[in-house]
Amino acid sequence: MSSRTNRGILERLKNGVVQGAEGYVFELERRGYIKAGPYVPEVVLDFPEAVKELHREFLRAGSEVMVALTYYAHREKLKDVGRENDLEFMNRQAVRLANEVAREGDALVAGNICNTWAYDPQNVKESSRVVRMMYEEQLGWAVEEGIDFVISETNDYLGEALIALEVIKQLKLPAMVTLASVQQNQTRDGYDYVEACKILADQGADIVGLNCDRGPETMLPIIENIRSAVSCYVAAQPVPYKTDTRYPTFESLRTDSGEQAFPLLLEPFLCNRFEMADFARKAQAIEVNYIGICCGGAPHYVRAMAEALGRTVRSSKYSPVLELHPVLGAHVEEKHKTFLADWKG
Ligand SMILES: [Zn+2]
C-alpha cells in the first residue's frame with residue numbers, strides 16, 4: 001500500500017465538507033472511449049491516459065477524491081462485452097490510475113463498487129452469495145493496489161447495499177454507501193430512501209446518501225430528510241440535469257417530441273455551472289458533508305461548486321473574468337458596441 005496522504009476521509013469530513021466528483025463513465029463516453037449501452041469502463045485498459053486526464057481535470061477543479069473507475073467493472077458486466085478475462089487487470093489498473101493522479105495533489109483514492117444486476121430479491125440467499133463474491137473480488141484487488149475508503153453507489157436495493165457495506169467493513173475501511181433513487185420514494189426492495197439510509201447508518205456505514213438519477217432540485221428534498229434522520233455523514237451527488245416534480249429523475253426526462261432523453265438526448269436538460277454552484281451552497285447549508293456530482297458531471301461544474309464552497313482550486317487560475325472580454329466587458333470599446341447591439345438583437 002502506498003502512503004498517499006496523512007488525512008483520511010473521516011478526518012477530512014470532521015473538519016468540513018469533502019468535495020467529490022464522478023460521472024467518469026458518461027464523460028468518457030462523450031469523449032469516445034466508452035460504449036453507451038453496456039457502459040463498461042474498457043477505457044481503463046484501452047486508453048489509460050484518457051482516464052488519468054479526466055482524474056486530473058477533476059483534481060484541478062477541486063475534487064478531493066479520485067474515484068477508481070471500476071464502475072461496472074464486475075464479472076456480470078464484463079461478460080456482456082466479452083472481456084471477462086480482463087476483469088482483474090481492469091480493476092487493478094483503475095485503482096493504479098486513480099493513485100497516480102491522487103499523488104499529484106492531496107487527494108484520496110476511493111475504491112468503487114456499484115449495483116451488480118445480479119441481486120435478486122426473489123432469490124436473496126443465492127443471489128447474495130454471488131454479489132458478495134463479486135464485491136470481495138473487486139475490493140480485494142483494490143485494497144492490494146491501495147485505497148483510502150470505498151464508495152458503494154447507485155444501489156437499487158437496500159439488500160445489495162448491505163452486502164456491500166458488510167464487505168467494506170470486513171476490510172476495515174470507511175464506507176460511503178449511496179442509493180440510486182430511480183423510483184419515487186423507495187428502493188426496489190421497498191424501503192423508503194430515508195429509512196434505507198437510516199438502516200445503513202445503523203449497520204455502520206460512515207457516510208450515507210444518494211447519488212445519480214436526480215438533479216439538484218429533486219435530490220435535495222430527500223437529502224434534507226436523510227440529514228435529519230441520521231447522525232453519520234451524508235453525501236449528495238446529483239446529476240447536473242434539470243429534473244423536477246413532473247420528471248424527478250433523468251431517466252424520466254422527455255424531449256419536446258416525447259422521446260426518452262436518457263441517456264443520449266440529455267443535453268437540453270443540462271444545468272449550467274451557476275445552478276450546480278447553487279446546489280453546492282444549498283447542500284452545505286443543510287449540512288451535507290460530502291458534496292459531489294454524478295453522470296453528466298464535468299470539470300467546469302466541479303470548479304464552480306468548489307468556488308461556491310469558498311475554495312480556490314488549481315483551475316481557478318482560469319476562472320472566468322468576463323470584464324476582460326472585448327464585447328461583454330465593462331469597458332466596451334466604441335467599435336464593439338455595434339457587435340453588442342447585434343448580439344442582443
Ligand atoms: Zn451517475
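## Largest pocket

In this predicted model, the largest pocket has a volume of about 540 Å³. Its lining is made up of 31 residues. Those that lie nearest the centre of the pocket are Tyr71, Tyr72, Thr154, Cys212 and Cys295. Two elements give two or more residues to this lining: α2 (24-30) and β4 (149-155). Of the elements, α2 gives the most, with three residues.

Sorted by class, the lining of the largest pocket holds 17 nonpolar residues, together with seven polar and seven charged ones.

## Enclosed cavities

Apart from the pocket, there are two cavities of 30 Å³ or more. The largest cavity has a volume of about 40 Å³. It is lined by Asp156, Ala180, Ser181, Val182, Gln183, Gln186, Thr187, Arg188 and Tyr193. By class, this lining divides into three nonpolar, four polar and two charged residues.

The second largest cavity contains about 30 Å³ of space. Ala68, Thr70, Asn91, Val95, Gly111, Asn112, Gln138, Leu139 and Ala142 form its lining. The elements that give two or more residues to the lining of this second cavity are α6, β3 (108-114) and α7 (124-145). The largest share comes from α7, with three residues. No charged residue lines the second largest cavity; the lining divides into four nonpolar and five polar residues.

## Packing of α4 and α6

Helix α6, which gives residues to the lining of the second largest cavity, spans residues 87-102 and packs with helix α4, residues 48-61. The axes of the two helices come within 9 Å and cross at roughly 40 degrees. Angles under 35 degrees would count as roughly parallel and those from 65 to 115 as roughly perpendicular, so α4 and α6 are oblique to each other. The crossing of α4 with α6 is right-handed.

On the α4 side, the contact is made by Pro48, Val51, Lys52, His55, Arg56 and Leu59. These residues meet Gln93, Leu97, Ala98, Glu100 and Val101 of α6. By class, the contact of α4 with α6 has six nonpolar, two polar and three charged residues. The charged ones are Lys52 and Arg56 from α4 and Glu100 from α6.

## Packing of α11 and α12

Further along the chain, helix α11 (residues 273-285) packs with helix α12 (residues 299-308). The angle is about 45 degrees, and the axes are 8 Å apart. The two helices are therefore oblique to each other. Like the crossing of α4 and α6, the crossing of α11 and α12 is right-handed.

From α11, the residues in contact are Arg273, Met276, Ala277, Phe279, Ala280 and Arg281. From α12, they are His300, Tyr301, Arg303, Ala304, Met305 and Ala308. Counted by class, the contact of α11 with α12 has eight nonpolar residues, one polar and three charged. The polar residue is His300, while the charged ones are Arg273 and Arg281 in α11 and Arg303 in α12.

Definitions and conventions: Residues are numbered from 1 along each chain as its sequence is written. This is a predicted model: local features need pLDDT of at least 70, side-chain atom pairs count only at pLDDT 80 or more; totals for chains, interfaces and linings use all residues. Side-chain values use heavy atoms; hydrogens and water are left out. Axes are lines fitted to C-alpha atoms, for helices over the stretch in contact, and angles run from 0 to 180 degrees between N-to-C directions. Helices (H or I, at least four residues) and strands (E, at least two) are DSSP runs, numbered from the N terminus. Angles under 35 degrees count as roughly parallel, over 145 as roughly antiparallel, 65 to 115 as roughly perpendicular and the rest as oblique. A crossing is left-handed if the near helix is turned anticlockwise from the far one by less than a right angle, and right-handed if clockwise. Contact means heavy atoms within 4.5 Å. On a 1 Å grid over the protein atoms alone, a cavity is a set of points where a 1.4 Å probe fits but cannot get out, and a pocket is an open set with protein on both sides within 12 Å along at least five of seven lines; lining residues have an atom within 4 Å of a point. Grid points are joined across faces, edges and corners, and a volume is the space filled by probe spheres set on the points.
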